[in-house]
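This report walks a new reader through a few neighbouring parts of one structure, from individual aromatic side chains to the packing of whole helices. Please keep the sequence and the model in view while reading.

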Amino acid sequence: MKEVTRLTRVLQVALPTYILVSIIVMWISATPKATTLFAAGSAFETFAGGTIVGFLVVCTFIGLLLAYGSYKTWGWAFWGNVLLAVLSFAVPPRGSPFGWLAYVSDAILILLIALAAVAFFRGGTWGMKQSSATQTP
């Protein structure tokens with residue numbers, strides 16, 4: 001049995017929260033574009049708007065699944081959260097009126113990725129340590 005550490009709780013909350021907030025920002029920024037495409041009326045533009053909404057729904061589902069997996073401390077959820085954090089750091093937002101916010105977001109991501117690396121090297125996924133009751137001499 002593994003015991004939860006302080007670092008485990010920080011990662012369980014911070015990684016999925018960052019990802020879910022990013023998804024909310026994606027919805028806010030993409031909804032006007034999708035609405036404009038739907039209003040245009042042509043088949044291609046309606047398809048493009050539907051593709052945007054479909055992509056957002058899939059991202060939302062993945063984010064919620066990773067948040068639930070984080071709550072349950074599933075190992076694959078740790079790696080999924082870290083992978084999404086690395087990918088979102090690798091793909092900077094373009095043309096944002098809040099350019100400074102991208103730098104703040106990157107700083108938070110660097111901190112989260114560093115915390116995840118420290119947690120992994122200290123105790124495996126989620127930084128959980130081996131329980132003293134189950135350790136063998």
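## Aromatic residues and helix packing

Trp79 has a relative accessible area of 42% and is therefore partly exposed, since that value lies between the cut-offs of 20% and 50%. The model described here is a predicted one, and the values quoted for it are to be read in that light.

Trp79 pairs with Phe120 in an edge-to-face arrangement, in which the ring centres are 5.0 Å apart and the planes stand at 70° to one another. Because Trp79 belongs to helix 3 and Phe120 to helix 4 (residues 99–123), this pair ties together parts that are 41 residues apart in sequence. Phe120 is itself partly exposed, with a relative accessible area of 30%.

The count of aromatic pairs in the model comes to 7. One of them joins Phe78 to Trp79, again edge-to-face, with 5.0 Å from centre to centre and 80° between the planes. Phe78 counts as buried because its relative accessibility is 1%, which is under the 20% cut-off. A single aromatic cluster is formed by Phe78, Trp79, Phe120, Phe121 and Trp126.

Where in the chain is Trp126 found? Trp126 sits in the loop between helix 4 and strand 2 (129–130), and with a relative accessible area of 0% it is buried. The table sets out the accessibility of residues discussed in this report.

| Residue | Relative accessible area | Class |
|---|---|---|
| Phe78 | 1% | buried |
| Trp79 | 42% | partly exposed |
| Phe120 | 30% | partly exposed |
| Trp126 | 0% | buried |
| Thr73 | 22% | partly exposed |

The backbone of Trp126 is also worth a look, since its phi is near 65°, a positive value in a residue other than glycine. Thr73, which lies in the loop between helix 2 and helix 3, likewise has a positive phi, near 55°, and is a residue other than glycine.

Helix 3 covers residues 75–90, and because each residue should contribute 1.5 Å, its 16 residues are expected to span 22 Å, which agrees with the 23 Å that separates its end C-alpha atoms. Within helix 3, the buried residues are Ala77, Phe78, Gly80, Asn81, Val82 and Ala85.

How do the axes of helix 2 and helix 3 lie with respect to each other? They come within 8 Å and cross at roughly 135°, and the two helices are therefore oblique to each other, as this angle falls short of the 145 degrees above which a pair counts as roughly antiparallel. In this crossing, helix 2 passes helix 3 in a left-handed sense.

Helix 1 (residues 6–40) packs against helix 2 (residues 43–71) at an angle of about 170°, and their axes are 9 Å apart. Because that angle is over 145 degrees, helix 1 is roughly antiparallel to helix 2. The crossing of helix 1 with helix 2 is left-handed, and the residues of their contact divide into 21 nonpolar, 7 polar and 2 charged.

Notes. Residues numbered from 1 in each chain as written. Heavy atoms only, no water. Helix = DSSP H or I, 4+ residues; strand = E, 2+ residues; numbered from the N terminus. Expected span 1.5 Å × (residues − 1). Buried < 20%, exposed > 50% of the residue type's maximum accessible area, 1.4 Å probe, protein only. Phe/Tyr/Trp six-rings, centres within 6.5 Å; stacked < 30°, edge-to-face > 60°. Axes fitted to C-alpha atoms, helices over the stretch in contact; angles between N-to-C directions. Parallel < 35°, antiparallel > 145°, perpendicular 65-115°, else oblique. Left-handed = near helix turned anticlockwise from the far one by under 90°. Nonpolar A, V, L, I, M, F, W, Y, C, P; charged D, E, K, R; others polar.
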